[in-house]
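Q: Could you walk me through reading the features of a protein model, one at a time?

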Amino acid sequence: MKKFGLTSKILIGLFLGMVFGLIISKMPSSYMKDTLILDGVINIIGSGFTKAIKMMVVPLVFVSLVCGVSAMEDVKKLGRIGFKTMGFYLITTAIAICTSLALGVLLKPGAGLDLGSVATQTTTMSENQSLTDIILNIIPSNPIEAFAKGEMLQIIFFAMLTGISMSLVGDKAKPVKKVFESANEICMKMVGVIMSFAPFGVFALITNTFATVGTQAIGSLIKYIVIVLLGMLIHVAVVYGGALKIFTKFSLRDFIKRFTKVAAVTFSTASSNASVPVSLELMEEMGVSKSIRSFTIPMGATINMDGTAIMQGVAALFIAQVYGVQLSINDMITIVLTATLASVGTAGVPGVGMIMLSMVLQSVGLPLEGIGLIMGVERIIDMFRTTVNVMGDNTCTLVVASSEKEFEKGYEQKLEVA
């Protein structure tokens, strides 16, 4: 097994879980099957892995957000460039999550699969609240209580306020920044440790699923993947293509042709951070000035998570549908706000998307066990969604550079608009 990477191990765990689960589903009910295997060993491994993921949500979100926001000192220096960049990233992320929710409602990826009996935790939906209440409830009256209860929007608000204040304080906040940076590294290492047990967690969760519902899950998983990829395709063609056509002299076809080498790195590593050097190189080749590209690309690796937002929206509805939970309009608004705000400070490395999805599910009270069902195909989606994330970083860079006329001399010869 040492020869295999984590992705291969997770896929092996998924396959073995499917086979083992189908075998168990054919066994007659007995003490061995029900008590020792499903409610005993399988439940301990699967639920233990789920709880470990849930454990990391609050500390990871808070620490990474504080680090991400406090590092945005250039926003003050670059003024309107910073606001344009932030605005582009947050607006496109919000559009992405809205698109994914619309596709989830229309195409119903979880229809036909009933996992209501598989859930081992109580699903509590948020009370029906007005839009005003939802917005006001973002501000915590007691941050400590918000941490204890896992109120994610309140935690995100407090983290962003902390990061902004640290940035405004300046040099005096450097010791605190170092503490948060160290804490962020520790949290990321903890996520890595937990994810190393993912093959076992996926095996147990998938075993439990297939032992209960049999082969019904396969068709729903394929539908889930297709809908996520469809959402990404629409986002690239409509949002990125539209932005390039309206605000720049580049066509989407010409941009994608040039973006291929960046996509190769991003697709293979599934890491936004790993793509930063090649993205900077591409933007230099396309004539973007250093003052623009050196600001928008690194910020995008931290803030811009359009592909991830699409996955989270479809996944949330998929999980709600397979567990028979009806999401209200207010719940969907909460998902949009949570996923958009959480994109700020999200680490651009593989595996963290599942932690962010856990946070989104928590915000509307959906069962975390559903993550086990989609984790086996997560790596496939991760490569595509990270590529979309990075494509958004480069698109934003071209849009901002065009609006500021910040192209290096002779860039006209580099356009070759198709």
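**Reading the model, feature by feature**

A: Happily! The accessible surface of the protein chain is about 18,200 Å², and 66% of that belongs to carbon and sulfur atoms; areas come from the Shrake-Rupley method with a 1.4 Å probe, and for residues only the protein chains shown count as cover. This is a predicted model, in which local features need pLDDT of at least 70 and side-chain atom pairs count only at pLDDT 80 or more, while totals for chains, interfaces and linings use all residues. Residues are numbered from 1 along each chain as its sequence is written, and side-chain values use heavy atoms, with hydrogens and water left out.

Q: How many helices and strands does the protein chain have?

A: Helices (H or I, at least four residues) and strands (E, at least two) are DSSP runs, numbered from the N terminus. Here the protein chain has 19 helices and zero strands.

Q: What share of the residues is buried, and what share of the contacts joins residues 24 or more positions apart?

A: Buried means under 20% relative accessible area, exposed over 50%, and partly exposed in between (1.4 Å probe, protein chains only). By that scale, 55% of the 418 residues are buried. A contact means heavy atoms within 4.5 Å. Among contacts with a separation of 6 or more, 86% are between residues 24 or more positions apart.

Q: Which residues touch the most other members of the largest nonpolar core?

A: A nonpolar core is a set of buried Ala, Val, Leu, Ile, Met, Phe, Trp, Tyr and Cys residues joined through side-chain atoms within 4.5 Å. The largest one has 116 residues, and Tyr224 and Leu398 touch the most other members. Helix H2 (residues 31-70) supplies the largest share of this core, 13 residues. Another core lies apart from it and has six residues, including Ile37, Leu38, Ala204 and Ala211. As for Tyr224, once neighbours within four places in sequence are set aside, its contacts are Pro109, Met311, Val314, Ala315, Phe318, Ile374, Val377 and Ile381.

Q: Is Thr387 buried or exposed?

A: Thr387 is buried, because its relative accessible area is 11%. This threonine sits in helix H18 (residues 378-404). Beyond four places in sequence, Thr387 is in contact with Phe259, Ala263, Thr266 and Phe267.

Q: How do I check the span of helix H7?

A: The expected span of a helix is 1.5 Å times one less than its number of residues. For the 18 residues of H7 (residues 152-169) that gives 26 Å, and the end C-alpha atoms are 26 Å apart, so the two agree. Among the buried residues of H7 are Met152, Ile155, Ile156, Ala159 and Met166. Just after H7, Gly170 has a positive phi of about 85°.

Q: Which residues other than glycine have a positive phi?

A: Most residues other than glycine have a negative phi. Two cases to look at here are Lys108, with a positive phi of about 50°, and Lys405, with phi near 55°. Lys108 is in the loop between helix H4 (80-107) and helix H5 (131-136), and is partly exposed at 42% relative accessibility. Lys405 is in the loop between H18 and helix H19 (412-415), and counts as exposed at 71%.

Q: How many disulfides are there?

A: A disulfide is a pair of cysteine sulfur atoms within 2.5 Å, and the count by this rule is zero. Cys98 is partly exposed, with a relative accessible area of 42%, whereas Cys187 is buried at 6%.
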